[in-house]
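Got your viewer open? Let's take a walk through this one, selecting as we go.

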Amino acid sequence: MANFNWKPFIYGGMASIVAEFGTFPIDLTKTRLQVQGQSQYMEVRYRGMFHALFRIGKEEGVRALYSGISPALLRQASYGTIKIGTYNTLKRLFVSRPEDETMVINVFCGVVSGVLSSSLANPTDVLKIRMQAQGSLLQGSMMSNFINIYQTEGTRGLWRGVIPTAQRAAIVVGVELPVYDITKKHLIRSGLMGDTILAHFISSFTCGLAGALASNPVDVVRTRMMNQRVLSGSPIYKGTLDGVMQTWRNEGFFALYKGFWPNWLRLGPWNIIYFFVCFSMSMGKNFRILCTDINETNS
């Protein structure tokens with residue numbers, strides 16, 4: 001413990017918050033696109049990511065593009081720190097040296113840390129998605145809205161959608177880590193480039209594409225489950241599989257890929273901001289550690 005290096009946690013947490021703030025409008029368009037077609041959102045208001053950005057800004061004001069930013073930043077401050085801490089601690093339980101790590105160990109530790117951290121931070125996700133989807137209709141401060149959800153829906157309301165959230169975290173890590181590793185190794189071994197930041201960006205975009213393709217259907221169901229208030233009666237979706245089947249049956253297969261483009265394209269700007277902030281704070285120190293962990297913290 002005497003040699004414990006806390007700086008990557010602080011730098012990573014601060015950089016995650018700045019990156020979240022910088023890319024939040026893109027994330028908001030993803031939520032708006034994903035809830036389209038669900039019961040109270042039957043009207044198709046947005047044709048795509050850019051149309052959503054333009055229309056929300058024009059009709060609701062620029063501030064509306066940051067609806068839900070407070071719980072989103074709180075999520076990054078808690079979720080990111082828990083995830084990095086758990087991930088690195090678990091890895092050290094299996095191997096003492098980073099060079100002894102294997103893909104199986106990294107994937108296992110990534111899945112466990114992702115499921116644990118996303119489950120614990122679920123209340124912040126619920127409020128973020130509701131504020132994004134409902135915009136100005138959801139009045140009050142972050143704390144008053146947390147209290148309102150608890151008083152009207154109970155603890156279940158704060159942890160609504162926690163199962164698809166955990167499933168999504170497992171899918172993203174289980175797909176992205178191997179794809180990132182394979183892509184980067186191929187780029188380096190082929191002689192196209194060395195172990196550079198460019199190689200990391202290309203690998204990140206590639207693994208982000210694979211992760212988005214694999215997880216988007218679960219992400220759509222997760223967003224819709226979190227956005228629905230269940231005050232009496234049964235919820236619209238009984239579970240992830242039921243949500244996927246209902247969405248497919250009622251809206252078609254491609255409804256499961258609503259919000260795909262902002263889901264994937266947000267990764268690029270997020271990484272750039274994250275790297276810039278990390279590098280500025282650390283002045284190059286611990287930079288390689290942060291590069292290794294970034295793919296486990298930005299989903």
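## The whole chain

Buried residues account for 53% of the chain's 299 residues. Keep in mind that this is a predicted model. Color by secondary structure and you'll get 12 helices and zero strands. The accessible surface adds up to about 14,300 Å², with 67% of it belonging to carbon and sulfur atoms. Now for the contacts: of those between residues at least 6 apart in sequence, 75% join residues at least 24 apart.

## Stop one: helix α4

Select residues 103-120, which is helix α4. Its 18 residues should span 26 Å at 1.5 Å a residue, and the end C-alpha atoms are indeed 26 Å apart. Plenty of α4 is buried, including I105, V107, C109, G110 and S113. What do the buried residues of α4 pack against? Show α3 (69-94), α5 (122-134) and α7 and you have the answer.

Now zoom in on S117, which sits in α4. Is S117 buried or exposed? It is buried, because its relative accessible area is 0%, and the cut-off for buried is under 20%. Leaving aside residues up to four places away in sequence, S117 touches Y79, I82 and K83. Try a distance label too: from S117 to G85 is 9.8 Å, C-alpha to C-alpha, with their positions 32 residues apart in sequence.

## Stop two: salt bridges

The whole structure holds 17 salt bridges. Start with D219 and K30, whose closest N and O atoms are 3.0 Å apart. That pair ties together distant parts of the chain, with D219 in helix α8 and K30 in helix α1 (residues 7-35), 189 residues apart. Both D219 and K30 are buried.

For a local one, select R55 and E59, where the closest N and O atoms are 2.7 Å apart. Both lie in helix α2 (residues 49-60), four residues apart, or about one turn of the helix. R55 is partly exposed at 22% relative accessibility, and E59 is partly exposed at 45%.

Next, pick E251 and R224, which meet in a salt bridge at 2.7 Å, N to O. This pair also links distant parts of the chain: E251 belongs to helix α9 and R224 to helix α8, 27 residues apart. E251 counts as partly exposed at 28% relative accessibility, whereas R224 is buried at 0%. While you're here, select D27, K30, R75, D125, K128, R168, D219 and R222 together: salt bridges that share partners join them into one network.

## Stop three: helix α9 and a surface patch

Stay with α9 and select residues 240-251. The 12 residues of α9 should span 16 Å, and its end C-alpha atoms are 16 Å apart, so the two agree. Which residues of α9 are buried? They are T240, G243, V244, Q246 and T247. These buried residues cover an arc of only 170° around the axis, so they fall on the same side of α9. Their cover includes α7 (162-189) and α8 (197-227). Spin the view, and on the other side of α9 you'll find L241 and R249, both exposed.

Just past the end of α9, G252 has a positive phi of about 95°. A little further on, F254 is in the loop between α9 and α10 (260-265), and it counts as exposed at 67% relative accessibility. To finish, turn on the surface and select L241, M245, W248, F253 and F254: they make a nonpolar surface patch of about 580 Å².

Methods: Residues numbered from 1 in each chain as written. Predicted model: local features only at pLDDT ≥ 70, side-chain atom pairs only at ≥ 80, totals over all residues. Heavy atoms only, no water. Patch = residues over 30% accessible without salt bridge, like charges linked within 9 Å, V, L, I, M, F, W, Y side chains within 5 Å. Areas by Shrake-Rupley, 256 points an atom, 1.4 Å probe, with all protein chains shown as cover. Salt bridge = Lys/Arg side-chain N within 4 Å of Asp/Glu carboxyl O. Helix = DSSP H or I, 4+ residues; strand = E, 2+ residues; numbered from the N terminus. Buried < 20%, exposed > 50% of the residue type's maximum accessible area, 1.4 Å probe, protein only. Expected span 1.5 Å × (residues − 1). Arc of directions from axis to C-beta. Contact = heavy atoms within 4.5 Å.
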